[in-house]
Amino acid sequence: MALSIGDVEHVALLSRLALTDGEKEKFARELSKIFSHVDQLAELNVEGVEPTAHPLPMKNVFRQDVVLDSLSNEAVLANAAESEDGCFKVPQIV
Amino acid sequence: MSLPCAHELARQLADGTVTSAALTERYLKAIERTEPALHSFVTVTGQRAMEAARASDARRAAGSLLSPLDGVPIAVKDNMITEGVATTCSSKILGNFVPPYNGTVIQKLQDAGLVILGKTNLDEFAMGSSSENSAFGVTRNPWDTNRVPGGSSAGSASCVAAGQAPWSLGSDTGGSIRQPASFCGIVGLKPTYGRVSRYGLVAFASSLDQIGPMTLDVRDAALLLETISGHDPKDSTSAKLPVPRYSEELEKGSLRGKKVARPREFFEIDGIEPGVKAVLDNTIEKLASLGAEIVDVSMPHTKYSISCYYLVATAEASSNLARYDGAQYGHRTPGTKNIVEMYSKSRAEGFGDEVKRRIMIGTYALSAGYYDAYYLKALKVRTLIKRDYDEALAKADLIVAPTSPFVAFPFGSRSADPLSMYLCDIFTLSLNLAGYCGLSMPAGFGEHGLPVGIQLLAGAFQETKLLQGAWELEQTLGVTGTRTAPAAAV
């Protein structure tokens, strides 16, 4: 199926990616080609087939809830672009 | 002169004919000499490596070795978290990221006394088949520097083929260990999902990713696999199963009387190069000459594996890569006015085109109105692909298949068309969807005299059988160690 510029703008917003007009056109073209290929899945009848989200048959992996060592505040903040008073600092949220 | 395998180096260290410091220095010099032509590494950790090597030599003198591999050098793909050493995933968004902890596999290497030489180049976030998606420049194939080394574990393959490291670790989400191993003429093994901890492997697609060995021969693959395998409380998807001493099991198996499946669909794909086909035919003859019974099987959903994979893997990637938001680590665009602008601009500047493409494919496939038609449908097709494997492996012990339809291709020949790049992976993707184990091993030389690998595949946690078959085949094929890449440091 073909993706319009509007589709690409919508998906770019959901993905939090700022795109230029040129990129929007390029990605609309490329994504349309890729989705046209994956549309081949429509020809398969999967009625009654269970989905496989994970290769191993495992669920509910439990462990004891014990306190272990964790990283220091300093180590956690070392890679942040901005920090203040032991916290990550970001621009205005609300 | 052929390149020395890691097990040979371990023996030389044990015999006292070489020290770890001398060995490490030799590899660092080889890197220095050949790196301008190849660019296998993002970061070479020369000083740390020499310190680790000298510490290993001191342990040897004191009789307190950590393992039989103590002092052997190794290289690791730059998507594995290393404490105090930049871990970039070959992405601008992590260009200045220095992790405060070790991934489990890195910790296991250090606990065994292995000496890490550096972090190898990859397609950004392991998304690609050629190294052309690295933000820090391409890696060149040591067999022909005008050609790609394969990807995404590009540097991990080229450094081994070029003698810059005796062995390395890669990661395989859809063939990223096996395809570059084939292009560079080495062994690359993707373990069963859950065999090796993913803690500290930067996530691409969490239900598909596995770390595995990239080596000069099958014995080294067995040695390295047993070093990195095992349950990890920090990765709840790692299997609670004992780890066999794979390297001690190699000679105990026999292909005589074993059944090897030849899936019709893997051999009927259009565009297999004649040279690759000839190597495949010869390999099957050799398997038969060893007494294996070749069984023809059908895996009818093979042609859907690319579509299935590129929906499942991108959906998982779109979720995993949401963490790169410029807040806690990684690139942040300065001077943004609000949080959405900070996210959107930091991500736009930090990610390359292929990563953006895959995030958008995955986000679209998961979005309202398309979830059922794309993501859920792909998960159901995944069940059918897994069933194909189960049915084939019910009739046979192993599956034999090509690794790639062609030998290493020239730079630029596929990068303009993302879909044509995706089609490279037709023979490797489905194994990750099924979650089973497989390897690519050198089986001959094809077009332009370039290496051709073939795959052996096996069921869940059947690595012993896989390695036994590969080891026996390796002896009979007589390809391993016969030729060395022209750009190698020897």
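# A walk through chains A and B

Start with everything on screen: over all chains, a search of the whole structure turns up 26 salt bridges, a salt bridge being a side-chain nitrogen of Lys or Arg within 4 Å of a carboxyl oxygen of Asp or Glu. This is a predicted model, where local features need pLDDT of at least 70, side-chain atom pairs count only at pLDDT 80 or more, and totals for chains, interfaces and linings use all residues. Residues are numbered from 1 along each chain as its sequence is written, chains are lettered from A and ligands numbered from 1 in the order in which they are written, and side-chain values use heavy atoms, with hydrogens and water left out.

**Stop 1: a salt bridge inside chain A.** Select E9(A) and K24(A), which form a salt bridge with their closest N and O atoms 3.2 Å apart. This pair ties together distant parts of the chain: E9(A) sits in helix α1 and K24(A) in helix α2 (residues 21-38), 15 residues apart. Helices here are DSSP runs (H or I, at least four residues), strands likewise (E, at least two), both numbered from the N terminus.

**Stop 2: the interface.** Now colour by chain. 66 residues of chain B are in contact with 51 residues of chain A, contact meaning heavy atoms within 4.5 Å. About 5,200 Å² is buried between the two chains, and carbon and sulfur atoms give 68% of that; buried area is the accessible area (1.4 Å probe) that two parts lose on being put together, summed over both. Six salt bridges are found across the interface of chain B and chain A. For a salt bridge between the chains, select E82(A) and R332(B), whose side chains meet at 3.2 Å, N to O.

**Stop 3: a helix from each chain.** Show α1 (residues 5-14) of chain A with α13 (residues 353-366) of chain B: they pack at about 95°, axes 9 Å apart. The axes are lines fitted to C-alpha atoms, for helices over the stretch in contact, and angles run from 0 to 180 degrees between N-to-C directions. α1(A) and α13(B) are therefore roughly perpendicular; the labels are roughly parallel under 35 degrees, roughly antiparallel over 145, roughly perpendicular from 65 to 115, and oblique for the rest. As sticks, show D7(A), V11(A), A12(A) and L14(A) from α1(A), which meet M360(B), T363(B) and Y364(B) from α13(B). By class, this contact has five nonpolar, one polar and one charged residues, where Ala, Val, Leu, Ile, Met, Phe, Trp, Tyr, Cys and Pro count as nonpolar, Asp, Glu, Lys and Arg as charged, and the others, Gly among them, as polar.

**Stop 4: along to α14(B).** Keep α13(B) and add α14 (residues 371-395) of chain B; their axes come within 7 Å and cross at roughly 110°. Which residues make the contact? Y364(B), A365(B) and L366(B) do so from α13(B), with Y371(B), Y374(B) and Y375(B) from α14(B). The classes come out as six nonpolar, no polar and no charged.

**Stop 5: α2(B) and α3(B).** Select residues 20-38 and 46-62 of chain B, helices α2 and α3, whose axes come within 8 Å and cross at roughly 160°. That makes α2(B) roughly antiparallel to α3(B).

**Stop 6: two backbone details.** Zoom in on the peptide bond from G151(B) to S152(B), which is cis with omega near 10°. S152(B) lies in the loop between β3 (115-120) and α5 (154-161) of chain B. Finish at S90(B), a residue other than glycine with a positive phi, near 50°, in the loop between β2 (73-77) and α4 (104-111) of chain B.
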